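Trainee: I have a new structure open and would like to learn how to read it. Could you walk me through it, feature by feature?

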Amino acid sequence: MSSLKVHINDLLACPDCDLLLEQRHLEPGRKACCPRCGHVLYAPKRNSVDKTLALALTGLILFIPANFLPIMTLDTMGFKQAGSIFDGIRVIYESGYFFVALIVGLTSFAFPFVKLFLLFYVSLHLKLKRYPHDLPLFMRWYRHLDEWGMLEVYMIGILVAIIKLHHIAHIHYDFGFFCFIALLFVALASSVSMDKHEFWERIEEKPA
Amino acid sequence: MMSESEIITAREAGFFLCHDCHKLIADVGEETPERCPRCNAAIHLRKPNSLTRTWALVLTSAVLAFPANILPIMKVDFLGTAEYSTIMDGIIYFFTEGSYGIGIIILTASVLVPCFKIIGIILILLSIHYKWKTWLRHKTLLFRAIEFIGRWSMLDIFVIALLQVLVNFGNLTSIETAIAATYFTGVVLSTMFAAITFDPRLLWDA
């Protein structure tokens, strides 16, 4: 039980196997893994707050065109049909599958937006060294919403749809398509650049 | 490898680990706060009722998997004749068309991943129930894999949403969602929630 002499703030526990470990300082770019179960405990990033702020803001700007502008136009025998990501939710709703429409709407549209907004809000306040009382709450929401934003799954869905349709019709890629790809990369980069460990420590260290 | 004597868990040392922000909180008996001082999440030693909830959700998804695979997921209208297709029909279509790559992607996302998740979680739950103490690291890895791939099953639903928007040429041809989509979404949701309610530390506690 010698480790108990160490201060509690220098300890951490693995969330996957509960192993108690001593926290060591790591250079950015390296990561600490649990020796017992292999869970990545923390992985410091260089300029995490700045990067996250920039990427989340870019993502928010791209969000509207990526979701509301048509991503592609199908052209077959003189008929043309264009559609956006948002139309996908609308048509499922209109055909009466409310539950499916709700889940598709949340995972492809609402949650990715809320995630970007939460990252923007938290990193902006950390950057400005302001600590409103809802910062911890927003960090918790982000943690719980993290896996429910499914832009990358949607991107593969778009690719599958393209392969399915390119035999039967000519496909024009519209502006929304490129915005969506950009949004996907920016959103992924923003969650990768966010160092949860550092964000939580900064929130905790706020000047009283 | 560490020797047995070095291994001490947070629980044995008298610490709670906050589920949300991973802060360690010392257990001081009656005085222990009910909420995390850093993030205000409720503090538990382990996720509450983890095994019961996970069992309930994984069995729900196993039950929903039947209508999801048997009933049609997509309705294709071509010149006035409606044709319904199930998830499997869609996969067979790609293989007969010669698009093996895409067939394998859909097969993986819609059939193999849900099966893998359901069987994997049941295996982990049984291993806790019968206190099988071997392969703990591998079972934790299996759980992390289940957590990671959970969301990818939504792929087929997104494809149908896109097809319904784009393939809509009035009476000529159109594609619509069909009833199995609801069940399939239910399968994805309940397996994802099963992974969320499960606490992998229970594997190591045994």
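**Strands, helices and a shared core**

Mentor: Gladly. Let us begin with a strand in chain B: β3(B) pairs with strand β6 (residues 173–177) of chain B in the antiparallel sense, over five bridges. Within that pairing, B:F78 stands opposite B:T173 in β6(B). Keep in mind that this is a predicted model.

Trainee: Which residue does B:F78 stand opposite in β4(B)?

Mentor: In β4(B), the residue opposite B:F78 is B:T81. β3(B) and β4(B) also pair in the antiparallel sense, over five bridges. As a general idea for reading such strands, side chains in a regular strand alternate between the two faces of the sheet.

Trainee: What should I look for in the hairpin of β3(B) and β4(B)?

Mentor: Look at the turn, where two residues lie between the strands and B:L79 takes a positive phi near 50°. B:L79 is a residue other than glycine. Its place is in the loop between β3 (74–78) and β4 (81–85) of chain B.

Trainee: Is B:L79 buried or exposed, and why?

Mentor: B:L79 counts as exposed because it has 7 C-beta neighbours inside 10 Å, and the cut-off for exposed is 12 or fewer. Compare B:N40, in the loop between β2 (24–26) and α2 (50–70) of chain B. B:N40 has a positive phi of about 70° although it is not a glycine, and with 16 other C-beta atoms within 10 Å it is partly exposed.

Trainee: How do β5(A) and β6(A) pair in chain A?

Mentor: β5(A) and β6(A) pair in the antiparallel sense over five bridges, with A:D75 opposite A:K80 in β6(A). Their hairpin has two residues between the strands, and A:M77 takes a positive phi near 45° there.

Trainee: Now a helix, please. Which residues of α5(A) are buried?

Mentor: First the general idea: an α-helix has 3.6 residues a turn, so residues three or four places apart point the same way. In α5(A), the buried residues are A:L151, A:Y154, A:G157, A:V160, A:A161 and A:K164. Seen down the helix axis, these fall within an arc of 165°, so they line one face of α5(A). They pack against α3 and α6 (175–193) of chain A, together with α4 (100–129) and α6 (155–166) of chain B.

Trainee: What does A:I163, in helix α5 of chain A, touch?

Mentor: Not counting residues up to four places away in sequence, A:I163 touches B:S99 and B:I102. With 16 C-beta neighbours inside 10 Å, A:I163 counts as partly exposed.

Trainee: How many residues of each chain are in contact with the other?

Mentor: 51 residues of chain A are in contact with 52 residues of chain B. On the side of chain A that touches chain B, the largest share, 10 residues, comes from α5(A). By class, that side has 34 nonpolar, nine polar and eight charged residues.

Trainee: And which residues touch the most other members of the largest nonpolar core?

Mentor: The general idea is that nonpolar side chains tend to be buried together in soluble globular proteins. Here the largest nonpolar core has 106 residues, and those touching the most other members are A:V104, A:L183, B:I157, B:F158, B:A181 and B:F184. The largest share of this core, 11 residues, comes from α3(A). Leaving aside neighbours within four places in sequence, A:V104 is in contact with A:G88, A:I89 and A:I92 in chain A, and with B:I157, B:F158 and B:A161 in chain B.

Terms used
Residues numbered from 1 in each chain as written. Chains lettered and ligands numbered in written order. Predicted model: local features only at pLDDT ≥ 70, side-chain atom pairs only at ≥ 80, totals over all residues. Contact = placed C-beta atoms within 7 Å. Helix = DSSP H or I, 4+ residues; strand = E, 2+ residues; numbered from the N terminus. Nonpolar A, V, L, I, M, F, W, Y, C, P; charged D, E, K, R; others polar. Core = buried A, V, L, I, M, F, W, Y, C linked by C-beta atoms within 7 Å. Buried ≥ 20, exposed ≤ 12 C-beta atoms within 10 Å, placed from the backbone. Arc of directions from axis to C-beta. Pairing = 2+ DSSP bridges.
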